[in-house]
Amino acid sequence: METDTKSDGVLTAGGLAPVLRHDLPASLVVFLVAVPLSLGIAVASGAPLAAGLIAGVVGGVVGGLMGGSVVQVSGPAAGLSLVVADLVVTYGWRATCMITLLAGALQLLLGVCRVARAALAVSPAVVHGMLAGVGVVIALAQLHVVLGGSPQRSAIENLIELPEQIIHNHTHAVFVGLLTIAILIAWTRLPQQLRTLPAPLAALLASSVTAWALGWEVTRIDLSASLDSWAGPVWPKGDWHGIIASVLLVALLAGVESLLCSVAVDKLHDGRRSDLDRELTGQGVANMVTGALGGLPVAGVIVRSTTNVRAGARSRWSTVLHGVWILLFAVGLGWMIALIPMEALAALLVFIGVQMVNMGHLRNLRGHSEVPVYVVTMAGVVLLGLAEGVLVGLGLAALFALRRLTRVTVRAMAEPDGRWHVVIAGSLTFLGVPTLTSELRAIPAGAAVDLDLNIDFMDNAAFEAIHDWRNEHERGGGTVDIDEIHDEWYSMAASGVRMFPAKTPPRAPDRWWLPWSHRRNGQRTGRQPLVAARLAPRDDSPAVPDLLAGAREFHRRTAPLVRPLLHDMARGQEPSHLFITCADSRIVPNLITASGPGDLFTVRNIGNLVPRLGSVPADDSVAAAIEYATGTLNVRTITVCGHSGCGAMAALLSGGEKAAGLPAFGRWLRHGNHTLARFIAGESAGEDDGPLDRLCRVNVIQQLENLRTYPQVDRLFRAGHLELVGLYFDIGTARVHLLEHPPIASRPL
């Protein structure tokens, strides 16, 4: 995403055109969304209507200029309405403004101390559960207004009184509310060209005009009264413990909501990422200003921010301008607000409240087993109150995290050869000792045991449990072979090494990528050899080929990890790359590209050659792979990867001497004649280490050109739908180089 500022927040002469083209239209769209939402949130908060507009102006201008996100929009937030409503009842409106000001000062201090990222440690399940609970409370309260009555003090009271309110409803008020909600629901289903106005504004306009035209008896909004009674903030009176708690609550809730909104909005655009510390500082200044001016607390709000991005905003000037439009509207066209029925605003709030119970969040949390945290937080907010519900949710989230941190799985399996294979995974603490000892003591006495420790922590109780069992088992004639896959918790504790700090230094992985010979012979620099019995014939068992032993290793270690991924891929493949490389045993495509299952559609042959279309001798295997990859799999990239010390290129360079006695090999090498011609002509592909290395590099460039002889490849390449990439792997240095042509050049990745 392009930006229109030379330095952040400073408009340059050359940047005016993008502002007029992108940010000005986007600001008008956000303004039309923000006005009704600001008024509605003021109603839900029990604050003067003007307070919502003041917060909208300050959130746009101050928050937009000083915040850390270029497209986030700040303003009054529905998630804070319950807190504000409670503060207004407890301390009064002017004292609530002072609490907002103090909360802003605290946010400013936290931002200066650069602790913003700590807010991201709050479980999203708690945040989403809190917002869902607030939505339920708002919907229940404002539903009474839609029915022509007044909301009660708590959600339970609103729920109890709802049947009575339905029976004795005010007919005109109900009609206005139903009309507003119907338009809000239907608006998103209209064709795009008919949705020039945002849904909230369209719903309020339609309900206001209908109520005025039909002469319905509805409650009108009086903005002038709140403006005439404006007064500055005063110091709250009461228990100072409660005042401090209120300041903390407003500061933390507004700050966390703003920071999470910034992170979410970053996923919607390609521009500069948010500076979270600056965002928290900007929110602090904005809350100090809005508190001083008699406005609601402000926070980053996802609805307006999403609208801003989708409307094409490119910089913070869209946010700033939307605040200016709210100010001009309040000053010049504030009289129009008196035409809006209060019941229409209440219906808008009911709709917003229902939307805050986001089922998409619930589905995402279900995959991480965090639905109970969400549900408990939501129920706590509805039944107990906002602060109490959040605390209950945080406590439950902490218990879940502790449970996961101390979760251990122990699996003991008897193998066909009579050995036992035990896998212990997770965090080994005293809490897991009962499960651990129960499984270990079920192993028959005298058995040979392979014990894999795949753990990230082991306390003393767990160590003693394993160590005591091992000593007892070996005294009974059994053997225990312990293999620690990650950190060496057991071996360090057994040797008496001080286990502090609690983590051993990270070590290089030493499993699947080691050749069989290294694992069999224990050739691992500076470490004890991997258990030789795994991949080498045992004295007490028949010889097992390396390949079968490797498959067994895969079944034991890797298969449980990749099984869920491969299960999802079982129905078909969707690779993004066709990867053509040499059959050389030293080249492992997934290793040198750090790719996994489903990424590469791989073709391997001697010399990583791509026979030109129609060449002699004909070869259909590579051509078939190219056709299938581009025509059926729709790959986006074809990569040819050569390597140093290629045997096929050495044979070419020898004039065929090294292919003597290998007739098929000699015929295949004819496809490398164009490469040899380029080499003889003196062409190179970057720095090289001699003739063979130069020929290997030139060969990659030639094969990329050979790919263009296939009409499907050439057509896709010319249309920009397919990329051709040349890689060169230097085996001796384990470096991958990108070969670029034209001009021919080589650079390490």
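**Exercise 1.** Work out how helix α7 packs against helix α8 in this model.

*Solution.* Start with the geometry: α7 (residues 171-187) and α8 (residues 199-214) pack at an angle of about 145 degrees, and their axes are 9 Å apart. Helices here are DSSP runs of H or I with at least four residues, strands are E runs of at least two, and both are numbered from the N terminus. Axes are lines fitted to C-alpha atoms, for helices over the stretch in contact, with angles running from 0 to 180 degrees between N-to-C directions.

Next, the handedness: α7 passes α8 in a right-handed crossing (the near helix is turned clockwise from the far one by less than a right angle; anticlockwise would be left-handed).

Then the contacts, meaning heavy atoms within 4.5 Å. On the α7 side, V176, L179, T180, I183, L184 and W187 take part, and they meet α8 residues including A199, P200 and A203. The residues of this contact split into 11 nonpolar, three polar and no charged (Ala, Val, Leu, Ile, Met, Phe, Trp, Tyr, Cys and Pro count as nonpolar, Asp, Glu, Lys and Arg as charged, the others, Gly among them, as polar).

Before going on, a word on the source: this is a predicted model, where local features need pLDDT of at least 70 and side-chain atom pairs count only at pLDDT 80 or more, while totals for chains, interfaces and linings use all residues. Residues are numbered from 1 along each chain as its sequence is written, and side-chain values use heavy atoms, leaving out hydrogens and water.

**Exercise 2.** Do the same for α5 and α14.

*Solution.* Helix α5 (residues 124-146) and helix α14 (residues 342-356) pack at about 155 degrees, with axes 7 Å apart. The pair is therefore roughly antiparallel (over 145 degrees; under 35 is roughly parallel, 65 to 115 roughly perpendicular, the rest oblique). The crossing of α5 past α14 is left-handed. Sorting the contact residues gives 16 nonpolar, three polar and one charged.

**Exercise 3.** Place A299 in its surroundings.

*Solution.* First, A299 sits in strand β4 (residues 298-300). Second, A299 is buried, at 0% relative accessible area (buried is under 20%, exposed over 50%, partly exposed in between, with a 1.4 Å probe and protein chains only). Third, look along the sequence: G75 is 224 residues away from A299, yet their C-alpha atoms are 5.6 Å apart. Beyond neighbours within four places in sequence, A299 contacts V73, S74, G75, A77, L80, A254, S258 and Q283.
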